[in-house]
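Visitor: I would like to talk through this model. Could we begin with its pockets and then turn to how the chains are related?

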2 protein chains.
Amino acid sequence: MYGAASIQALLDELERLPGIGPKSAQRIAYWILNADKASALRLADAIAQVKSAVHFCPQCFNYAEGDLCDICASPKRDRGMLCVVSEPRDIAPIERTAVFGGLYHVLGGALSPMEGIGPDELHIRELMGRLASEDVREVVIATNPNIEGETTAAYLARLIKPLGIPVTRPASGLPVGGDLEFADEVTLGRALEGRRPL
Amino acid sequence: MYGAASIQALLDELERLPGIGPKSAQRIAYWILNADKASALRLADAIAQVKSAVHFCPQCFNYAEGDLCDICASPKRDRGMLCVVSEPRDIAPIERTAVFGGLYHVLGGALSPMEGIGPDELHIRELMGRLASEDVREVVIATNPNIEGETTAAYLARLIKPLGIPVTRPASGLPVGGDLEFADEVTLGRALEGRRPL
């Protein structure tokens with residue numbers, strides 16, 4: 001950018017964002033330059049606000065603003081159901097289904113010996129603490145259906161089952177609206193193994 | 001986003017940016033949430049800084065921070081060459097060529113009767129003022145090679161030629177490294193008309 005050093009500084013910051021290359025950064029920078037001041041500052045304020053107000057929920061390790069996150073604080077949630085996820089970002093897609101009405105527990109990752117992530121790096125101790133003190137009827141382990149996620153799920157299941165709490169896992173199978181023709185063999189194999197009576 | 005209202009506010013602001021949909025906004029929001037505080041605030045500050053420090057150069061209407069923009073203020077530029085462009089963003093690609101060492105004049109758009117943009121909506125009066133008071137040897141009209149840009153170039157050429165100042169326009173033709181096979185007929189036609197002896 002030629003003419004003003006602070007525009008270059010903005011471009012540098014924008015290019016550090018995920019999925020933003022030089023062209024997108026330039027388009028966004030020009031949008032900010034042309035936007036009215038209040039509108040552009042709302043974005044700056046939203047970033048600052050998130051960094052000052054958001055912390056981890058001490059109960060479930062989701063993002064939170066108050067003492068607890070909105071989900072843990074809600075009186076409407078079923079406290080007998082607990083869904084274990086790897087990251088806070090995994091909560092949004094589950095909430096959008098409106099099928100699960102319980103609480104969450106965010107592990108903060110998944111077991112990965114390759115990356116040096118063992119049980120002590122995840123919020124597993126806190127999970128076991130919740131299971132010991134709260135009255136949980138079922139634990140749904142919704143870690144990702146990949147190697148790390150499956151390993152984590154198996155590890156947690158072995159840990160939780162002795163407590164006498166049922167442990168479940170979302171079904172693997174064909175995506176709704178998908179084509180048999182384009183399904184990979186692992187997914188289709190899982191779908192066949194998990195076939196259900198009609 | 002579930003758990004914290006300020007995250008939703010950030011998502012709303014991010015989705016207003018050009019080329020940023022809900023998925024990109026979410027990826028960027030999680031990046032900001034995971035980034036260390038200083039790093040995230042640098043982005044917020046860069047936005048605020050641009051909005052408070054950047055204004056239009058009173059001479060050429062490029063973005064500027066000081067009295068004049070960096071280009072107008074530079075003693076190294078050839079003050080006898082003036083390149084007319086539509087928008088400040090058109091200056092960066094020309095500067096990158098390192099072929100042009102003169103000053104710029106930003107019109108702030110291009111003539112478009114359809115959108116109600118006439119000569120009075122552009123910085124044409126200021127351009128004529130510069131040509132009357134400064135010692136300009138050549139005016140390069142680098143408006144876009146589309147209908148509005150060509151119309152604007154033709155209009156300006158008619159206005160400037162009576163002053164006895166040569167007016168030029170960048171050549172239209174085949175992009176370097178391009179394929180004849182894929183050239184559109186208008187571009188190839190221009191390239192043939194503008195053929196040069198070898």
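**Pockets and symmetry**

Guide: In this predicted model, the largest pocket has a volume of about 790 Å³.

Visitor: Which residues lie nearest its centre?

Guide: Ala142(A), Pro145(A), Pro170(A), Ala171(A) and Ser172(A) lie nearest the centre, out of 25 residues that line the largest pocket. Two or more lining residues come from each of α5 (91-97), β5 (138-141) and α8 (185-193) of chain A.

Visitor: And how do the lining residues of the largest pocket divide?

Guide: They divide into 13 nonpolar, seven polar and five charged residues.

Visitor: What volume does the second largest pocket have?

Guide: Its volume is about 590 Å³. The second largest pocket is lined by 19 residues, and Ile94(B), Thr97(B), Ala142(B), Pro170(B) and Ala171(B) are the closest to its centre.

Visitor: Which element gives the most to that lining?

Guide: That is α5(B), with three residues. The elements that give two or more residues to the lining of the second largest pocket are β3 (78-85) and α5 (91-97) of chain B. By residue class, this lining has eleven nonpolar, five polar and three charged residues.

Visitor: Changing topic: what turn lays chain B on chain A?

Guide: A turn of 180 degrees, with a shift of 0.0 Å along the axis, lays chain B on chain A with an RMSD of 0.0 Å. This is the relation of a two-fold axis.

Visitor: Which C-alpha of chain B is nearest the axis?

Guide: That of Ala44(B), 2.1 Å from the axis. Both copies use the same surface, since 100% of the contact residues of chain B recur in chain A.

Note on methods
Residues are numbered from 1 along each chain as its sequence is written. Chains are lettered from A and ligands numbered from 1 in the order in which they are written. This is a predicted model: local features need pLDDT of at least 70, side-chain atom pairs count only at pLDDT 80 or more; totals for chains, interfaces and linings use all residues. Side-chain values use heavy atoms; hydrogens and water are left out. On a 1 Å grid over the protein atoms alone, a cavity is a set of points where a 1.4 Å probe fits but cannot get out, and a pocket is an open set with protein on both sides within 12 Å along at least five of seven lines; lining residues have an atom within 4 Å of a point. Grid points are joined across faces, edges and corners, and a volume is the space filled by probe spheres set on the points. Helices (H or I, at least four residues) and strands (E, at least two) are DSSP runs, numbered from the N terminus. Ala, Val, Leu, Ile, Met, Phe, Trp, Tyr, Cys and Pro count as nonpolar, Asp, Glu, Lys and Arg as charged, and the others, Gly among them, as polar. Copies are superposed by least squares on the C-alpha atoms of residues with pLDDT of at least 70 in both. Contact means heavy atoms within 4.5 Å.
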